[in-house]
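Work through the exercises below with the model open. Try each task before reading its solution.

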Number of protein chains: 2
Amino acid sequence: MSRLDSAIRRLQAQRACLGHAADIIEGRGGGERVDGVVLELGLGNGRTYDHLREILPDRTIYVFDRQLAAHPDCRPDDDRLFLGEMASTLPHAAARLPAPAALAHLDIGSGEIPETERNIAGVEPPLLAMLAAGGMVVSDQPLPTLARSAGIDAVGPPPEVADGRYFLYRRAKL
Amino acid sequence: MSRLDSAIRRLQAQRACLGHAADIIEGRGGGERVDGVVLELGLGNGRTYDHLREILPDRTIYVFDRQLAAHPDCRPDDDRLFLGEMASTLPHAAARLPAPAALAHLDIGSGEIPETERNIAGVEPPLLAMLAAGGMVVSDQPLPTLARSAGIDAVGPPPEVADGRYFLYRRAKL
């Protein structure tokens, strides 16, 4: 499989997993709606932020990244943007957000393993503290601390996505 | 359509058009094989270069870009890589390549219109001089000089690709 094939599959998996998680928190397909905000951890060029605001138009999305590199039309308002190390900005934001997170999307793989592991280790504790009951996490990386936490369940990807490409978790409802 | 949807469509169109052009120059589906090398104009991260060497394993691929930014495993050997302004490197290469080009893939849109137009204007004359009879051009940008040139025909995209997303041209056979 070429890198072009692989890029197409990765983006299709991303879209399918975000759509799946959005359906769950909106209560489409039977379950109850989960109230709360959306966290976009890793804005990058803003592609998935743009997608999230399209598929979840009624949710407030808060965005976290080390620095701002997104297309000008894919940038959130300043009061919804937290720049800097997520290990610092997430706890800071947690104290200020109006509600816990119904959905968090993590795109935090840096291409380098030590840096990615540092990112994950810094993000997991505040994320755990911010996730609503019934809330979903969609991640490009496996999240070992989340996976081990009481009340957090791994969720299978939608059927069109290969195992191990994306990682979904959910906090059990109260 | 979100930027995520749009990125998926763009990469799918790229893959479909490269596959279509490869089929034509290989003579799959009925026509005669077109001898010659492949030119990759705009290496970027190396994604389509990686795809071209997968779908055309028997062709020599020459790569042109302003600077080298590709993944280490998507870089051609030094003797097949020409770095600098394509308006200069293409004529330089043309005098040294072993054969005319059976396929040229252009990914030269820079996101800024004046720069893209300069790129196109610099690339078209040497490209015209290097294209084999029967050779294909696949481009992310319309190529006005090529389109007006005697013996060059616009080719429709494969059926799954929307009109105006990718631009295909072919030099008539002798």
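**Exercise 1. The interface**

How many residues of chain B are in contact with chain A, and how many of chain A with chain B?

Solution. This is a predicted model. Count pairs whose C-beta atoms lie within 7 Å. The result is 16 residues of chain B against 16 residues of chain A. Next, assign the chain B side to its elements. Helix 1 (3–26) and helix 2 (47–55) of chain B each give two or more residues. Helix 1 of chain B gives the most, with 8 residues. Last, sort that side by class: 5 nonpolar, 6 polar and 5 charged residues.

**Exercise 2. The symmetry**

Find the operation that superposes chain B on chain A.

Solution. Start with the rotation: 180°. Then take the shift along the axis, which is 0.0 Å, with an RMSD of 0.0 Å. That is the relation of a two-fold axis. Now locate the axis in chain B. The C-alpha of B:I8 is the nearest, 3.0 Å from the axis. Finally, compare the two sides of the interface. Of the interface residues of chain B, 100% are also interface residues in chain A, so the copies meet through the same surface.

**Exercise 3. Helix packing within chain A**

Describe how helix 1 and helix 2 of chain A cross, and list the residues that meet.

Solution. Begin with the axes of helix 1 (residues 3–26) and helix 2 (residues 47–55) of chain A. They come within 11 Å and cross at roughly 35°. The crossing is right-handed. Helix 1 of chain A brings A:Q14, A:R15, A:L18, A:G19 and A:A22. Helix 2 of chain A answers with A:T48, A:H51, A:L52 and A:I55. By class, this contact has 4 nonpolar, 4 polar and 1 charged residues.

Notes. Residues numbered from 1 in each chain as written. Chains lettered and ligands numbered in written order. Predicted model: local features only at pLDDT ≥ 70, side-chain atom pairs only at ≥ 80, totals over all residues. Axes fitted to C-alpha atoms, helices over the stretch in contact; angles between N-to-C directions. Helix = DSSP H or I, 4+ residues; strand = E, 2+ residues; numbered from the N terminus. Left-handed = near helix turned anticlockwise from the far one by under 90°. Contact = placed C-beta atoms within 7 Å. Nonpolar A, V, L, I, M, F, W, Y, C, P; charged D, E, K, R; others polar. Least-squares fit on C-alpha atoms with pLDDT ≥ 70 in both.
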